[in-house]
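Colleague: I'm new to this one and would like a close look at a single part rather than a tour of everything. Could you pick one and take me through it slowly, explaining your terms as you go?

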Amino acid sequence: MNRIDRRFAALKSAGRTGLIPFVTAGDPSPEHAVALMHALVESGADVIELGVPFSDPMADGPVIQHASERAIAKGVGLGDVLGWVAEFRRRDADTPVVLMGYLNPIEIHGYERFATEAVQAGVDGVLLVDCPLEESEVLAPLRAAGLAQILLAAPTTAPDRLSKLCAAAEGFLYYVSFAGITGAARLSTTDIAARVADVRAHAKAPVAVGFGVRDAESAKAIAGFADAVVIGSALVERLAGAVSSEDVAGRVAAFLQPVRKALDAR
Amino acid sequence: MPEIRDFHAFPDAQGRFGQFGGSYVAETLMAPLAELTEAYLRLRQDPAFIAELDRDLTHYVGRPSPVYFAERLTRHVGGARILLKREDLNHTGAHKINNTVGQALVARHMGKTRIIAETGAGQHGVASATVAARLGLQCVVYMGATDIERQKINVYRMKLLGAEVVPVTSGSKTLKDALNEAMRDWVTNVADTFYIIGTVAGPHPYPLMVRDFNAIVGREARTQLLEQYGRLPDVLTACVGGGSNAIGLFHAFLNDREVRIVGAEAAGEGIATGHHAASLAAGRPGVLHGNRTYVLCDDDGQITETHSVSAGLDYPGVGPEHAFLKDAGRADYVGVTDDEALEAFHLLARTEGILAALESSHAVAQAVKLAREYPKDGIVLCNLSGRGDKDVHTIAAREGVQV
């Protein structure tokens with residue numbers, strides 16, 4: 001059993017909702033990248049989603065676009081991200097790490113080479129925003145190496161496709177709570193609840209809900225019907241401009257701990 | 001790659017041209033793309049739709065465009081005859097209208113009320129604003145802030161046509177970023193919005209659909225050549241940014257193996273300087289804007305900033321069908337520098353009285369080079385994809401002239 005499955009099994013038996021923070025690797029600064037990951041865990045993260053910066057993040061809103069631009073300007077590439085995961089693993093052998101990003105950096109790195117290096121570094125899964133199930137043949141070397149292929153489902157996903165996604169999902173299924181880009185703020189909880197219930201009924205894998213989760217209150221609302229909550233843009237926004245490891249950890253704690261508490265208080 | 005028998009058999013049902021093309025998009029776009037694919041594949045077979053499109057192309061766009069023998073240019077060069085397919089004479093002054101007229105009709109058939117588009121040089125934005133005005137649809141055009149600065153006339157034309165022009169300030173502030181932003185708008189507003197992509201890039205079915213709407217250029221030219229010259233040309237040339245005018249000219253000739261095909265990419269300040277936009281000549285296979293194709297990127301996979309004097313060629317990717325034609329050995333893609341394009345612009349102006357767009361001037365420069373390779377009775381057919389009025393200020397500024 002891999003780290004992601006172990007973690008969700010543990011959450012389930014404890015009756016807890018998972019918390020999956022997203023941060024862009026190398027933002028607010030490459031020097032604090034590993035400290036940031038540990039800070040996320042200390043503030044209650046169950047899984048870490050680490051964004052691999054890309055120059056053309058088509059599905060992301062301004063907050064994550066700018067985080068990517070800042071990281072790229074500081075020279076952050078896929079190799080750095082893998083290095084940080086390896087360093088993180090020296091002190092944390094249990095928290096699953098999922099790399100989230102776009103296909104081109106991996107395509108250029110080489111799928112075989114990436115698969116080997118990612119497993120060595122301690123990466124558990126990948127979520128490639130611009131690689132839908134239909135195009136995922138290219139990811140065969142990643143799956144063969146044991147990396148979970150995290151898939152997305154959306155409100156616009158047709159029923160027949162949804163059953164394909166549910167059957168193919170590994171690790172967890174990431175349900176995008178509305179049709180839009182990351183960081184936008186529209187959320188009708190009742191609407192999402194009904195759809196997520198449907199997805200959970202079909203998917204073997206746990207269902208994480210994201211896109212538009214901004215704070216403890218919205219996270220708590222989603223926790224009622226999801227296995228885990230993903231929280232990204234609002235956190236990335238909070239971290240921008242942090243100047244030291246302590247500053248990073250302080251901001252993470254101030255933002256994430258109330259979310260953790262809200263999820264656990266349910 | 002195995003030998004290709006029929007180039008007209010591509011793309012396949014997944015939108016693939018060999019290893020290129022496909023649909024590399026976020027999950028939220030899969031359903032709208034499926035809806036569009038279904039609608040378009042039905043309409044392209046529908047005689048009523050085809051008749052409607054033909055009427056618009058004849059009476060609104062002004063087709064067919066002539067094939068013009070550039071006699072003084074030919075004499076000046078001293079090689080094969082240079083023929084120009086005059087897409088610059090279309091309504092709005094470029095080939096782009098062929099595609100927007102078609103996509104706007106598709107939008108109307110799908111019941112969409114809002115049109116969005118991305119634009120580099122502004123030609124596609126103008127062509128989109130034009131058809132939106134004609135059909136009474138709301139129109140929003142995304143344009144890089146850098147391009148807005150260098151294409152002020154076209155920005156104003158779009159506004160006169162009732163479109164809203166939204167400056168894009170992310171990334172390199174050019175065409176690729178405008179495309180990202182339009183994609184984000186589409187993801188957010190799919191219910192009522194139709195995204196008119198201006199080139200043969202993007203996810204399936206765009207490379208197919210945009211090619212189909214531009215393929216009228218080559219179909220007409222092929223017939224015109226046979227009628228007027230009794231033969232096919234020796235060689236075709238066209239400029240390639242995203243590649244829509246080029247595939248438009250090339251497509252009808254792809255199975256005529258005796259016709260050589262050469263695409264002219266923007267070599268900017270020279271490919272060796274790194275300041276260029278020659279994705280096929282100097283790039284590598286990658287994934288950008290929803291399709292696998294040749295891209296310009298660094299070893300981390302980050303898309304690199306491109307340079308060309310012409311905003312319309314300033315794009316780090318290229319249509320997947322061109323990538324396929326390159327790898328299949330059916331077409332060659334070569335670089336033409338800024339300086340060569342400007343020289344060709346002046347040469348055509350003085351020998352033929354035609355101000356070509358800076359994009360098209362790259363094709364003219366390549367046509368001149370090719371004409372020298374063939375005997376005097378040879379034929380070089382060059383797509384003059386757009387007129388140069390929009391570029392007059394850029395050229396004046398570059399040459400230190402106050403207008």
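Modeller: Let's go for the open sheet in chain B, with a little about the chain around it beforehand.

Bear in mind that this is a predicted model, where local features need pLDDT of at least 70, side-chain atom pairs count only at pLDDT 80 or more, and totals for chains, interfaces and linings use all residues. As for labels, residues are numbered from 1 along each chain as its sequence is written, while chains are lettered from A and ligands numbered from 1 in the order in which they are written.

Chain B carries 16 helices and 14 strands; both are DSSP runs numbered from the N terminus, helices being H or I with at least four residues and strands being E with at least two. Its radius of gyration (taken over C-alpha atoms) is 19 Å. The globule rule, 2.2 Å times the number of residues to the power 0.38, gives 22 Å for 403 residues, and the two are close, so chain B is as compact as a globular protein of that length. Along its principal axes, the C-alpha trace spans about 55 × 50 × 45 Å.

How much of chain B is buried? The share is 64% of its 403 residues, where buried means 20 or more other C-beta atoms within 10 Å of a residue's own, with C-beta atoms placed from the backbone. Take the contacts in chain B with a separation of 6 or more: 75% of them come from residues 24 or more positions apart. A contact here is a pair of C-beta atoms, placed from the backbone, within 7 Å.

Now the sheet itself. Six strands of chain B line up in the order E3-E4-E14-E9-E10-E13, with mixed pairing; two strands pair if DSSP finds at least two bridges between them. E3 (67-69) and E13 (332-337) sit at the edges with a single partner strand each, so one side of each has no neighbour in the sheet. From one strand to the next, the twist averages 30°.

Follow E13(B) inward and you meet E10(B), residues 260-268; six bridges join these two strands, which run parallel. Within that pairing, B:Gly268 stands opposite B:Thr337 in E13(B).

Finally, look at what crosses this pair. Helix H14 of chain B, residues 338-352, lies across E10 and E13, running at about 80° to E13(B). That angle is between N-to-C directions, on a scale from 0 to 180 degrees, using axes fitted as lines to C-alpha atoms, for helices over the stretch in contact.

Note on methods. A residue is buried if 20 or more other C-beta atoms lie within 10 Å of its own, exposed if 12 or fewer, and partly exposed in between; C-beta atoms are placed from the backbone. Two residues are in contact if their C-beta atoms, placed from the backbone, lie within 7 Å.
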